[in-house]
Amino acid sequence: MPYGTSSKYHLPKGTSAHDPYDLLVTPESAGREHSGLRVLTLRPGEEHALTTGESEFLVLPLNGGCTVAVDGQVLELVGRADVFSAVSDFAYVPRESQAVISSADGGTFALPSARTERGGQPARYGRKEDVPVELRGAGACSRQVNNYCLPGTFDAEQLLVCEVLTRGGNWSSYPPHRHDEARPGLESELEEIYCFQVAGENGFGYQRVYGTEDRPIDVLAEVRSGDAVLIPHGWHGPSIAAPGHDLYYLDVMAGPGQDRAWLICDDPAHGWVRTTWESQDVDDRLPFGENR
């Protein structure tokens, strides 16, 4: 049976597949201007040719490892067993490039992207040891954030990428916040895509997105592994992990700002919850996997 709300912003697994991709979200397909995401599964020995065009990309293993041949370089990505077990190494692929992604043993690889007019960044390898792992919030709002490609962690033109991991029973992306208006020093204008994985058989979670009177949006989606939620604007959060089922989402952001900033504004109705964290401990089930 179908699950979740009927919404053009909630993409259940398989509904946005387009050969060879398990998930294909482009600015054109999503009716947006900047951000994109592809998920590619390769069988052992397979390869895939990626033409970046006017977008920059990361190649980020979700499970398995791969080789990325681009701009005369061969970048070997060790990858990981799954998203809950470890942070991964990754590759940056600039706009106007031709890359070949191959995998000797097979695996699944996220290809987050951002449209950009600039092309000054070179293709290069991102070491997993250099990915900052951050624990945010406290109590039932505890979560882990793997900061792959954010301002101050890895240089790119427009692309911002992180992973958020939430233990079963906890909330992340809370308090609800937005970043859909350019207000220097206060808020960035960024489109966003969440792509989910849920641990355990029949695992699920929930994602909320809501707007304002002048820019309405209304999403309350039950999400499962392989689902995506598009966030073009509005308040987003919470992301709720059902008890017994850890929740992961890949977070892809991009916007028109030339300074590549990530500045958020809390929903004033709920921002007060941050003050309660001062008297609570971070969930002792964090961090995940090798980071413990």
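This is a short talk on one predicted model, going from the whole chain down to a few chosen residues.

Let me begin with the confidence of the prediction, since everything else rests on it. The chain averages a pLDDT of 95, and 98% of the residues score at least 70. There is one stretch I would ask you to keep in mind as you look at the picture, namely residues 1-6, where pLDDT stays under 50 and for which the model has 13 contacts beyond four places in sequence.

Turning to the fold as a whole, the chain has 24 strands and zero helices. The C-alpha trace spans about 50 × 40 × 40 Å along its principal axes. For 292 residues, a compact globule would have a radius of gyration near 19 Å, and the 18 Å of this chain agrees with that. Of those 292 residues, 55% are buried. If we take the contacts between residues at least 6 apart in sequence, 74% of them join residues that are at least 24 apart. The accessible surface comes to about 12,600 Å², and carbon and sulfur atoms account for 50% of it.

Now to the charged side chains. Side chains of opposite charge can pair when their charged atoms come close. How many salt bridges does the structure hold? There are 18, and I will go through three of them.

In the pair of arginine 127 and aspartate 130, the closest N and O atoms lie 3.0 Å apart. Both partners are partly exposed, arginine 127 with a relative accessible area of 41% and aspartate 130 with one of 46%.

The second pair joins arginine 285 to aspartate 283, with an N to O distance of 2.8 Å. Here arginine 285 is partly exposed at 33% relative accessibility, whereas aspartate 283, at 13%, counts as buried, because the limit for that label is 20%.

The third pair is glutamate 187 with arginine 183, at 2.9 Å from N to O. Is glutamate 187 buried or exposed? With a relative accessibility of 2%, glutamate 187 counts as buried, while its partner arginine 183 is partly exposed at 26%. This pair also belongs to a network of salt bridges, which links Arg178, Asp180, Arg183, Glu187 and Arg215.

From charged pairs I move to polar contacts, and to two glutamines in particular. Glutamine 121 sits in the loop between β9, which covers 107-115, and β10, which covers 124-126. The side chain of glutamine 121 is joined to that of arginine 124 by a polar contact of 3.4 Å. Leaving aside neighbours within four places in sequence, glutamine 121 is in contact with Tyr92, Pro94, Asp155, Ala156 and Glu157.

Glutamine 207 lies in strand β19, residues 205-210, and is buried, with a relative accessible area of 0%. Which side chain makes a polar contact with the side chain of glutamine 207? That partner is serine 239, at 2.5 Å. Beyond four places in sequence, glutamine 207 touches a set of residues including Tyr194, Phe196, Val219, Leu220, His236 and Pro238, with Ser239 again in the list.

Finally, I would like to look at two residues in strand β23, which runs over residues 247-254. Leucine 247 is placed in this strand and is buried, with a relative accessible area of 0%. Among the residues that leucine 247 touches beyond four places in sequence are Phe84, Val164, Leu165, Thr166, Phe196 and Ser239. Leucine 247 and arginine 224 are 23 residues apart in sequence, and their C-alpha atoms are 9.0 Å apart in space.

Tyrosine 248, in the same strand, counts as buried at 1% relative accessibility. Although tyrosine 248 and threonine 166 are 82 residues apart along the chain, their C-alpha atoms are separated by 6.3 Å. The side chain of tyrosine 248 makes a polar contact of 2.8 Å with the side chain of glutamate 163. Outside its neighbours within four places, tyrosine 248 is in contact with residues including Leu62, Arg80, Val83, Cys195 and Phe196. Phe196 is thus a residue to find on your screens, as it is touched by glutamine 207, by leucine 247 and by tyrosine 248.

Conventions:
Residues are numbered from 1 along each chain as its sequence is written. This is a predicted model: local features need pLDDT of at least 70, side-chain atom pairs count only at pLDDT 80 or more; totals for chains, interfaces and linings use all residues. Side-chain values use heavy atoms; hydrogens and water are left out. A salt bridge is a side-chain nitrogen of Lys or Arg within 4 Å of a carboxyl oxygen of Asp or Glu. Buried means under 20% relative accessible area, exposed over 50%, partly exposed in between (1.4 Å probe, protein chains only). Helices (H or I, at least four residues) and strands (E, at least two) are DSSP runs, numbered from the N terminus. A polar contact is a pair of N or O atoms within 3.5 Å; within protein, one must be able to donate a hydrogen and the other to accept it, and residues adjacent in sequence count only if both atoms are side-chain atoms. Contact means heavy atoms within 4.5 Å. The radius of gyration is taken over C-alpha atoms; the globule rule is 2.2 Å times the number of residues to the power 0.38. Accessible areas come from the Shrake-Rupley method with a 1.4 Å probe; for residues, only the protein chains shown count as cover. pLDDT is the predictor's confidence in each residue, from 0 to 100.
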